[in-house]
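Got the model open in your viewer? Switch to cartoon view and keep the selection box handy for a short walk through a few of its parts.

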Amino acid sequence: MPHPEPADGFRYADLTPATDFLSILDDAQYRSVPDGWWVAVTDVVDSTGAIAAGRYRAVNFVGAAVIAALRNTLGRREMPQEMPFVFGGDGASVLVAPDEAEAAKDALAATVTWSRDAMGLSLRAALVPVAEIRTAGHSVEVARYAPSPDVAYAMFMGGGLAFAERALKRGLYAVTAAPPGAQPDLTGLTCRFEPARARHGLILSILVVAADGADRAAARAAIADVVRLAAEAPARGHPLPPGAPPLRWPSAGFANEVRARGPLRGSLALRGLHVLGATLLAHGIFRLGLRFGGFSAPRYLDELVANADFRKYDDGLRMTIDCGPDLAARIEARLQDAEAAGLVRFGLHRQAAALTTCITPVAALRDHVHFVDGEDGGYARAAQALKAKDSAKVLAKESAKESAKDAGRVLAAGAGPGGESARAPV
């Protein structure tokens with residue numbers, strides 16, 4: 001059923017998708033989001049600690065859960081192309097239409113509660129008005145990128161998402177948790193595939209943002225260089241192997257999937273048995289390559305690779321690529337040069353495999369989406385590296401200021417045995 005015509009005339013699904021990833025750096029691809037819209041933004045609190053404890057699969061699962069909950073609640077289960085979202089590893093950002101804000105708020109609140117009670121992870125959420133983002137001097141510009149004919153992912157620029165993330169972390173526009181026992185509709189959310197081991201050396205997680213005050217064109221050119229370098233890798237850096245990552249039963253994400261299922265007569269054990277049976281059946285279908293009705297296991301696995309969300313732009317470049325150590329070093333050297341020139345800020349993280357989290361409401365349809373991140377922290381680790389460099393720069397500046405103050409005190413006190421002033425006579 002088509003979504004009603006919006007009063008403001010803006011419909012994300014009407015945007016023509018770009019098929020060349022480099023073109024998403026072109027302003028002409030983007031359309032401004034009207035003031036009446038909202039940005040739903042979430043992130044897992046202390047994802048660094050959870051990653052250190054080996055829980056990054058759970059962190060990714062919670063990050064993707066927000067997208068699943070909003071898709072299902074806002075009636076996008078059968079119209080996924082109409083919901084603009086971006087997956088960030090330990091969180092997500094989603095555009096919400098003016099008439100959907102209350103329903104989105106309820107879904108976010110339920111997801112916050114579920115994350116805390118079922119997953120043992122603290123999730124913070126905010127619903128930020130686009131009008132407030134614009135008042136703060138930023139904008140929300142959105143485009144669509146189609147990695148395959150069957151799906152399109154939202155791309156963002158204008159600084160609005162970055163502003164929303166900062167507001168979230170400051171506790172602004174916060175969505176409070178729903179009462180205990182609240183369960184979001186997470187239909188289709190799964191994590192059944194094993195990590196995809198690097199085939200060409202390593203999995204490189206890349207995060208690049210323009211530096212404050214940088215020349216816009218020069219910063220974009222540096223980011224474009226990174227995209228071109230990544231495309232030199234075999235399979236253009238795609239981190240998933242042909243035919244999809246390996247499957248095993250029960251999967252490492254089995255417990256997460258059980259927690260994502262709604263109450264089944266109130267019994268977690270009964271839910272576990274239900275998921276165990278369903279996943280065993282699915283595993284057999286994929287292992288045997290079965291086809292029935294409108295579903296084909298081999299086709300689905302090919303679509304999984306084609307639909308994978310392994311590169312995106314959301315006020316900065318995020319990529320998860322499979323490449324050799326030499327190419328990773330070349331990418332890092334290009335970024336270091338751009339950083340030294342004051343054009344970009346960046347973080348990288350190297351690991352041995354990529355992790356896939358899936359949303360497949362209807363397996364027979366071709367529009368299932370798959371979020372790819374590094375298995376050892378990926379985007380969160382890259383962001384941590386970026387922030388560590390920022391902190392080091394701040395400390396260096398403060399140290400320089402203190403040194404200058406100390407030198408000033410010495411000069412003011414005078415120098416030499418007679419204690420004469422070091423200032424030149426007036």
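Start with the open sheet of three strands, ordered S1-S6-S7 and paired antiparallel. This is a predicted model, by the way. Select strand S1 (31-32) and S7: they stand at the edges with a single partner strand each, so one side of each has no neighbour in the sheet. Now look at how S6 and S7 run together: they pair in the antiparallel sense over six bridges. To see one matched position, show glutamate 141, which stands opposite methionine 157 in S7.

Next, pick helix H9 (residues 297-307). H9 lies across S6 and S7, and runs at about 140 degrees to S6. Which residues of H9 are buried? Show Ala297, Tyr300, Leu301, Glu303, Leu304, Val305 and Asn307. Then bring up their surroundings: the cover over the buried residues of H9 includes strand S6 (141-148), strand S7 (151-157), helix H8 (268-288), strand S12 (295-296), strand S13 (308-309) and strand S18 (369-374).

Move on to the other sheet. Here four strands form an open sheet in the order S3-S4-S2-S5, with antiparallel pairing. Its edge strands are strand S3 (85-87) and strand S5 (123-129), each pairing on one side only. Ignoring direction, neighbouring strands of this sheet are turned by 10 degrees against each other on average. Zoom in on S3 and strand S4 (residues 91-96), which pair in the antiparallel sense over three bridges. Click phenylalanine 87, and you'll find its bridge partner in S4 is alanine 92.

Two helices belong on screen with this sheet. Helix H2 (residues 56-73) lies across strand S2 (38-44), S3, S4 and S5, at about 170 degrees to S3. Helix H5 (residues 160-169) also lies across S2, S3, S4 and S5, running at about 55 degrees to S2.

Last stop: helix H10 (residues 325-340). Put a distance label between its end C-alpha atoms: they are 22 Å apart, which agrees with the 22 Å that 16 residues should span at 1.5 Å a residue. Now colour the buried residues of H10, namely Leu327, Ala328, Ile331, Leu335, Ala338 and Glu339. They cover an arc of only 115 degrees around the axis, which puts them on the same side of H10. In an α-helix there are 3.6 residues a turn, so residues three or four places apart point the same way. Spin round to the other side of H10, where Pro325, Asp326, Asp337 and Ala340 are exposed. Finish at glycine 342, just after H10, with its positive phi of about 75 degrees.

How values were computed. Residues are numbered from 1 along each chain as its sequence is written. This is a predicted model: local features need pLDDT of at least 70, side-chain atom pairs count only at pLDDT 80 or more; totals for chains, interfaces and linings use all residues. Side-chain values use heavy atoms; hydrogens and water are left out. Two strands pair if DSSP finds at least two bridges between them. Axes are lines fitted to C-alpha atoms, for helices over the stretch in contact, and angles run from 0 to 180 degrees between N-to-C directions. Contact means heavy atoms within 4.5 Å. Buried means under 20% relative accessible area, exposed over 50%, partly exposed in between (1.4 Å probe, protein chains only). The expected span of a helix is 1.5 Å times one less than its number of residues. The arc is that of the directions from the helix axis to the C-beta atoms.
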